[in-house]
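Here is a short reading note for a colleague who has not looked at this structure before. The points can be followed one by one with the structure in view.

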Amino acid sequence: MSQFETPLFTGLLEHIKKNPTQFHIPGHKKGAGMDPEFRDFIGENALSMDLINIGPLDDLHHPKGIIKRAQELAAEAFGADYTFFSVQGTSGAIMAMVMSVAGPGDKIIVPRNVHKSVMSAIVFSGATPIFIHPEIDKELGISHGITPEAVEKALKQHPEAKGVLVINPTYFGIAGDLKKIVEIAHSYHVPVLVDEAHGAHIHFHEALPLSAMQAGADMAATSVHKLGGSLTQSSILNVREGLVSAKHVQAVLSMLMTTSTSYLLLASLDVARKQLATRGRELIERAIQLAEKTRKQINEIPYLYCVGKEILGTEATYHYDPTKLIISVKELGLTGYDVEKWLREAYNIEVELSDLYNILCIITPGDTEQETDMLVRALRHLSEQFRHQAAEGVKPKVLLPDIPALALTPRDAFYAETEVVPFDESAGRIIAEFVMVYPPGIPIFIPGEIITQENLNYIKKNLEVGLPVQGPEDDTLQTLRVIKEHKPIR
């Protein structure tokens, strides 16, 4: 196969050129039946590609033609035995991974700082999570990866586990020793599932952390749309056969995925794969060099710190992605959210995420020095404007969320008889819903955990500074849904 081929994109173009009369959905019929303002903005080309799974265009649920060929090319490019396209984002691919190995009552080993989609899959599957505590960076106030030692300890205690899930790399670009984790899990004949949402590009440059397939993992859900150049919501699920069945994985993914699959998203995956496979190293090298130059400039600004390779050296910080700019702002006496808002209002700059202590900016092949120079200029202005708040020699205290005890399986808690209680009176109760800050989407509470006062305080702190706490039915967070307590009748 030639990685310069784009069978799906090319097949769609050939179909569009024939200009067939359409008596099928979508009802806008190439834009003719659509609101004119939106049609004019989005353009005729995009609307002509908004098609449905008619015969010549193959079917993502049972691919035999151009989609099958495109997925085979992707598998070759990413070093997988099989690659499946997902139009449900990486969340859908992650859920398929988990639900293809774990069912009701099965144990699955996961880090506690997993994305909500992992816990959603655990709720749906009825599996029991065995949590590994991630390594915590008390200077930055973020979680890193899990260590091989922690994985081995968990497998010794739970050798019957159906899978080990690893985040590689984390949202902040930090990676553990994935190859060693895979070797340990495989010695127990347990498959390794990788949340590779933030690592679509790492397979294509030797200076970046090992990809899941390079490390020998069994499955990896990879967000091509995040850092690989495809459209938002398009992702892939890479599979290595042996400990898992690719056909079973495909069946589970099909159960979770819409039958009205977007050909715009699918075509974007096809061309993104081509670019990564044929020009990826060159483009990523340019992004790395630009990121390193920007990092150096930021670290020359008083009271700001942009994390670099000095963070490496532990088993949880085995490698890192330099294209992720973690910028600590706490020395300025500001929260990351303060800085995110200031950059938006003062410079029309949008960042990837903010938390209590940091902002995260990503550098991709789509960036140039024009954008990074603007960021550095803005950060210099920020430092000058707020340096009077900086406490010389005093390090601000970093508040970190607690990891609560799990009293019930997430599924049992989610479907239990529940009641609503005031937020301030909920400590000690068993929560029946998710609470998280999104992004990054790591739950502070998951269904089945015992609510701690420490985490209630952490939620309040995030709310006070304006960070987006999400998940509960009550979006004002005045109340939480908890397991109903049946008091004795007197």
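**Helix α6 and its surroundings**

1. The buried residues of α6 pack against a set of elements: the helices α5 (89-101) and α14 (410-414), and the strands β2 (107-111), β3 (128-132), β6 (164-167) and β18 (442-445). The model is a predicted one, and the points below should be read as such.

2. Eight of the ten residues in α6 are buried, so the helix is mostly covered, burial being set at under 20% relative accessible area. The buried residues are S117, V118, M119, S120, A121, I122, V123 and S125. After α6 comes G126, which has a positive phi, near 80°.

3. S117 belongs to α6, which spans residues 116-125. Is S117 buried or exposed? Its relative accessible area is 4%, and S117 is therefore buried, the limit being under 20%. The S117 side chain has a polar contact with the side chain of H115, at 3.0 Å. Setting aside residues up to four places away in sequence, S117 touches S91, I94 and M95.

4. A second serine to look at is S235, in strand β10 (residues 235-239). S235 has 0% relative accessibility and so counts as buried, since the limit is under 20%. With the side chain of T90, the side chain of S235 makes a polar contact of 2.7 Å. Once neighbours within four places in sequence are left aside, the residues in contact with S235 include F84, F85, S86, G89, T90, H225 and L269.

5. Which domains does the assignment give for the protein chain? It lists domain 1 (7-277), domain 2 (281-392) and domain 3 (410-483). The centres of domain 2 and domain 3, taken over C-alpha atoms, are 30 Å apart. Seven residues from domain 2 and eight residues from domain 3 take part in the contact. Between domain 2 and domain 3, about 600 Å² is buried, with 78% of that area given by carbon and sulfur atoms. On the domain 2 side, the residues that lose the most area to domain 3 are Y337, L353 and L356, together 72% of what that side buries.

6. One open sheet has four strands in the order β11-β13-β15-β14, paired antiparallel. Its edge strands, β11 (305-306) and β14 (353-354), each pair on one side only. Two bridges join β14 to strand β15 (residues 358-362) in the antiparallel sense, and S354 stands opposite I359 in β15. Helix α12 (residues 336-347) packs on this sheet and touches β14 and β15, its direction making about 50° with that of β15. Helix α11 (residues 263-298) lies across β11 and β13 (324-328), and runs at about 10° to β13.

7. Another open sheet is formed by three strands, in the order β18-β17-β19, with antiparallel pairing. β18 and β19 (469-470) are the edge strands, each pairing on one side only. Strand β17 (residues 435-437) pairs with β18 over three bridges in the antiparallel sense; M436 has P443 in β18 as its bridge partner. Helix α15 (residues 453-464) packs on the sheet, touching β17, β18 and β19, and its direction makes about 125° with that of β18. β18 also appears in point 1, among the elements that the buried residues of α6 pack against.

Definitions and conventions
Residues numbered from 1 in each chain as written. Predicted model: local features only at pLDDT ≥ 70, side-chain atom pairs only at ≥ 80, totals over all residues. Heavy atoms only, no water. Buried < 20%, exposed > 50% of the residue type's maximum accessible area, 1.4 Å probe, protein only. Polar contact = N/O pair within 3.5 Å; in protein donor to acceptor, adjacent residues only side chain to side chain. Contact = heavy atoms within 4.5 Å. Pairing = 2+ DSSP bridges. Axes fitted to C-alpha atoms, helices over the stretch in contact; angles between N-to-C directions. Domains from an automatic or database assignment. Buried area = accessible area lost by both parts, 1.4 Å probe.
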